[in-house]
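Here's a quick briefing to read alongside the model. Have the viewer open and click along as you go.

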Amino acid sequence: MGPSNAKKSVTFADSEEDEETKKAKREKRSMNMMAILMGIICVVIAGIQIAGLDETTVLAITSISCLLLSMLIYFFLPRQLAKATFFLFITSVLSVSFGGAMTYWFTVDAKCNPGGPHFDYVYFTVYTSIVGQCSGIVGIWLFNIFFSKGSLRKAFWISSVISSLGSFFDYAIVKRWNVDYLSIPDKAFYMFGDAVLESIVGMMAYMPSVVLIAKMCPKNLETTMFAILASFANLGGSLSGSFGTFAMDYAGIKTDLTSGSCNWDNLPNLILICGICLPLLAIPLTFIFVPNILMTDTITDFDNSSKKVGDKYVTEEEKKSLIK
């Protein structure tokens, strides 16, 4: 190779490196701008909750916030990355949280909840928490044994189904089936259903999201992108709490401990809709937003280095072998 050719090669390499540097800077600016806008929306959501506005106003602002966050995802992120991020966000939102109602139902006295379990707080918060943490470890172990090498989509399907089945224990205990038909004491039924099974189920449902987040992080932006993806999932969970508050109010659930005026009539319906049915919506959404890959597959990039063949994403090396 002559001096002129060597000089051209060096010049080409330098220009290529400069282009990569410029691209990385543009992506970083986009990530920073998205993070700032997310922070502003979070402040607004926190503000309306502190302000004590009426439920209709809170619902309207929360819905607008969800729309704005969805627009941010598709405006700032590459398409495939945006689809995966939106899936994690919207499934977190759809997991409408009504834990406050369940906590009261389990712990209030007979005046507020006649015939209820009336758990003491030591059992409800300490014993079940310890058992739940240990059960979560079992959930991780089961995930590694049965799902760690399977399809990512199927992992979300199974996690959605078992999440719904886990909520069925809440439905059964609220309907008092464990006492009336099975003759199982409330503490034993709750310990097995909520503390053990739901913790295992919750961790098995959480692991596919962690895997998807890890695979979606583009090169040279791993730390920033992982934080943003996790933030969207966590923010979706927070918004689900706002929707859950409205759902409890709409269902007419009341817990006035001072006067003992409580209403639990629609709590089973709330569990049925929000706890059992809504998580199943993640199954059809996977066909649109989750790449059809295995847990062990690697997605290398999101501009042009990772191509789609049929409905399966392949790496650069796999693409070359297909061409050959």
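What follows is a short tour, starting with confidence and then moving through links, helices and backbone.

This is a predicted model, and the average pLDDT across the protein comes out at 78. A search of the whole structure turns up one disulfide, and there are two salt bridges to look at as well.

**Confidence**

- Of the residues, 83% score a pLDDT of at least 70.
- The stretch to watch is residues 301-324, where the pLDDT is below 50. That stretch still has 38 contacts in the model beyond near neighbours in sequence.
- As a rule of thumb, where pLDDT is low, the predicted coordinates should not be read in detail.

**The disulfide and other cysteines**

- Cys 112 and Cys 262 make the disulfide, with 1.7 Å between their sulfur atoms.
- The link between Cys 112 and Cys 262 is left-handed, at -105° about the S-S bond.
- This pair joins distant parts of the chain, 150 residues apart: Cys 112 sits in the loop between α4 (99-107) and α5 (121-146), while Cys 262 belongs to strand β2 (residues 261-263).
- Buried or exposed, what is Cys 112? Cys 112 counts as buried, because its relative accessibility is 4% and the cut-off for buried is under 20%.
- Cys 274 is in no disulfide, and the nearest cysteine sulfur, from Cys 277, is 9.1 Å away. Cys 274 is buried too, at 8% relative accessibility.
- Cys 134 is partly exposed, with a relative accessible area of 47%.

**Salt bridges**

- One salt bridge brings together the side chains of Lys 187 and Asp 120, at 3.4 Å from N to O.
- Lys 187 is in helix α8 and Asp 120 is in the loop between α4 and α5, so to speak of sequence, this pair links distant parts of the chain, 67 residues apart.
- Both ends are partly exposed: Lys 187 has a relative accessible area of 39%, and Asp 120 has 35%.
- Asp 186 pairs with Arg 176 in a salt bridge, and their closest N and O atoms are 2.8 Å apart.
- Because Asp 186 lies in helix α8 and Arg 176 in the loop between α6 and α7 (177-180), the pair ties together parts that are ten residues apart in sequence.
- Here the partners are buried, with relative accessible areas of 13% for Asp 186 and 15% for Arg 176.

**Helix α4 and its cover**

- Which residues of α4 are buried? They are Ala 101, Met 102, Trp 105, Phe 106 and Thr 107.
- The cover over those buried residues includes α5, α6 (152-174), α8 (186-216), α9 (222-250) and α10 (267-277).

**Helix α2: surface and interior**

- Ile 64, Leu 67, Leu 68 and Met 71 make a nonpolar surface patch of about 390 Å².
- Leu 67 has its place in helix α2 (residues 55-76), and Leu 67 is exposed, with a relative accessible area of 52%.
- For a view of the other side of the accounting, pick Ser 65, also found in helix α2. Ser 65 counts as buried, at 5% relative accessibility.
- What does Ser 65 touch, leaving aside its neighbours within four places in sequence? Ser 65 is in contact with Ile 41 and Ile 45.
- As background, an α-helix has 3.6 residues a turn, so residues three or four places apart point the same way.

**Lys 154 and a long-range approach**

- Lys 154 is found in helix α6 and counts as partly exposed, at 47% relative accessibility.
- Between the C-alpha atoms of Lys 154 and Asn 292 there are 9.1 Å, although these residues are 138 residues apart along the chain.

**Backbone spots with positive phi**

- His 118 has a phi near 55°, a positive value in a residue other than glycine.
- His 118 is in the loop between α4 and α5, and at 33% relative accessibility His 118 counts as partly exposed.
- Arg 176 turns up again here, with phi near 70°, a positive value in a residue other than glycine. Its place is the loop between α6 and α7.

Terms used. Residues numbered from 1 in each chain as written. Predicted model: local features only at pLDDT ≥ 70, side-chain atom pairs only at ≥ 80, totals over all residues. Heavy atoms only, no water. Disulfide = S-S within 2.5 Å. Helix = DSSP H or I, 4+ residues; strand = E, 2+ residues; numbered from the N terminus. Buried < 20%, exposed > 50% of the residue type's maximum accessible area, 1.4 Å probe, protein only. Contact = heavy atoms within 4.5 Å. Patch = residues over 30% accessible without salt bridge, like charges linked within 9 Å, V, L, I, M, F, W, Y side chains within 5 Å. Areas by Shrake-Rupley, 256 points an atom, 1.4 Å probe, with all protein chains shown as cover. Salt bridge = Lys/Arg side-chain N within 4 Å of Asp/Glu carboxyl O. pLDDT = per-residue confidence, 0-100.
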